[in-house]
Amino acid sequence: MFWRGVWGYLPANIIQGLVGFGAIVVFTRLLSAEEFGRYALAFSIMTLVHVATFSWLEAAMARFWAAERGQTLADHFTTLYRSATVITALALVPVALLLWIAPVVMDLKLAIAAGLAGIPIRCFAKLAQERYRAAGEVGRSATMDIAVSLGGFVIGAGCALGGLGAASPLIGIGIAPLLTLPFVLPGELRQARGGVHYRARMSTYARYGYPIAAGLGLSLIMASTDRFLLEIFLGPAAVGAYHAGYSLASRTLDVLFIWLGAAGTPALIMAWERGSRDAFRTAACEQASTFILIGLPAAVGVALVARPLADFMIGEDLRLVAASVTPWIALSALLSGVTAYYLSQSFVLGKRTDRLLLTLCIPAGANVILNLILVPAMGVMGAAIATTISFAIGVAASMAMGRPIVAMPVPWDTLVRCGVASALMGAAVMSLPAPGGFAEVVLKAGVGACVYAAAALLLNAAGVRDLARGILTRRRTSGMTA
């Protein structure tokens, strides 16, 4: 199931990556530094509100679908979709009133309003997508991803060209999933026919899902505290420059981990629920090794080409500061991805999401303290360092507190071999000339990828040499049979 998902979700994640980078190129040029900073603040607020209101329902859809059958499956759908409808009705009015009286500039207020209006829409779309993933319907989930990503980018860019300012990307983020609902929602609601909304079931989902939502909220605090403090101490232009560098680095790693996690989490749940513990351990080791094999060189590579990548992709007003923080954010994105998509699965599989919440409190608290210390003293660079240290603390906390619940194996041999291969890649890239801009990115990325691939094969990192031999053997055998 894992590898079917990996290959099935690959096109969608390629599109997501291209759209993510395209958004950096387009919006850092169409929006001023101040507008881009206000967009970053509004995006952070929108994401925090979404997590606080709806993410527990999405988590429950992903975790409990595999155990439901027949009538209980209809009850499952009824409980989730009815709860989402009630929350939408209860939350919209007070949130709108709070925003109306909030003492913020109109450009930021409009951006926040656009983001908040799209939250219920994204929830209904996300419930359908989580069901597709849980059921192994890779094609439908990937198609939905592609439609929402491309649609949101095109609509947002059009709004920016039309002069809608900081709200432009958020308008696209809201309208794109709305356009998919007529195609996906009727089929999902049919599965709720005859279902009953059980308060006990909703309580079970809340006990499981809300600690995850609160944990996501803490993760977002770790990723957002720096922006709010930069706004306070240095203003929206500094927020825009920091967010541009943050997006440049984190987007690369996020796309990789979301891609692998989309396939990996359902596969781990299936292995845990319906397989032996030995089979689960084998599946977990395979996933962890794959994460390291792909994620580690990606983080190192982004750090190595930070300056020419910023010159090529980010608007002139933002690129210098953005390039300076990119290596730190690449490391923090790697640590964050490993924690969120692998180590934290201990709490999901063991249904101890209360412990997950406790685990995330540790790095979130450290992040707030470190930002308060480092941002006034070091500005944007202090925010990047604080974020990286906080995510490192998060890795240690997840490993220590998750092991007694479900021990997630750590493939140390793979980590060492991939580390050596990445070091060789780094040495090769640093010896190359620096013509600047796109030419330097292509040169260093191409050479780096070739050196890493050769080193990984030579060292048999994550068993890639064995895998390659197996594929060649099967091809030869099939050719002889034909």
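1. Let me start with Leu253. Leaving aside neighbours within four places in sequence, Leu253 is in contact (heavy atoms within 4.5 Å) with Gly295, Ala298, Ala299, Val302, Ala330, Ala333 and Leu334. Leu253 is also listed with Leu57, Tyr81, Tyr242, Phe280, Ile314 and Met408 as the residues with the most contacts inside the largest nonpolar core, a set of 128 residues. Such a core consists of buried Ala, Val, Leu, Ile, Met, Phe, Trp, Tyr and Cys residues joined through side-chain atoms within 4.5 Å. Buried here means under 20% relative accessible area, exposed means over 50%, and partly exposed is in between, with a 1.4 Å probe and protein chains only.

2. A word on the ground rules. The model is predicted, so local features need pLDDT of at least 70 and side-chain atom pairs count only at pLDDT 80 or more, while totals for chains, interfaces and linings use all residues. Residues are numbered from 1 along each chain as its sequence is written, and side-chain values use heavy atoms, with hydrogens and water left out.

3. Which helix gives the core its largest share? That is α10 (residues 236-274), with 18 residues. Helices are DSSP runs of H or I with at least four residues, numbered from the N terminus.

4. Next, a helix pair you may like to look at. Helix α2 (residues 33-53) packs with helix α8 (residues 168-190) at an angle of about 35 degrees, and their axes are 9 Å apart. On the α2 side the contact is made by Tyr39, Ala42, Phe43 and Met46, and on the α8 side by Pro169, Leu170 and Ile173. Seven of these residues are nonpolar, with no polar and no charged ones. Nonpolar covers Ala, Val, Leu, Ile, Met, Phe, Trp, Tyr, Cys and Pro; Asp, Glu, Lys and Arg are charged, and the others, Gly among them, are polar. The axes are lines fitted to C-alpha atoms over the stretch in contact, with angles from 0 to 180 degrees between N-to-C directions.

5. Helix α2 also holds Leu48, which is partly exposed because its relative accessible area is 25%. Leu48 and Leu216 are 168 residues apart in sequence, yet 8.4 Å apart in space, C-alpha to C-alpha. Neighbours within four places aside, Leu48 is in contact with Gly217, Leu220 and Ile221.

6. Now to helix α18 (residues 437-459). Its 23 residues should span 33 Å at 1.5 Å a residue, and the end C-alpha atoms are 33 Å apart, so the two agree. The expected span is 1.5 Å times one less than the number of residues. The buried residues in α18 are Gly437, Glu440, Val441, Lys444, Gly448, Tyr452, Ala455 and Ala456. Tyr452 also touches Ser422, a residue of helix α17 (residues 412-430). Ser422 is buried, at 5% relative accessible area, and its other contacts, sequence neighbours up to four places away aside, are Leu296, Pro297 and Val300.

7. The loop between α18 and α19 (464-481) deserves a look at its backbone, starting with Asn460. This residue, just after α18, has a positive phi of about 55 degrees and is buried at 15%. Ala462, in the same loop, has phi near 60 degrees, again positive in a residue other than glycine, but Ala462 is partly exposed at 29%.

8. Last, the cysteines. The structure holds zero disulfides (pairs of cysteine sulfur atoms within 2.5 Å). For Cys285, the nearest cysteine sulfur is that of Cys418, 14 Å away. Cys285 is partly exposed at 25%, and Cys361 is partly exposed at 39%.

Key: Helices (H or I, at least four residues) and strands (E, at least two) are DSSP runs, numbered from the N terminus.
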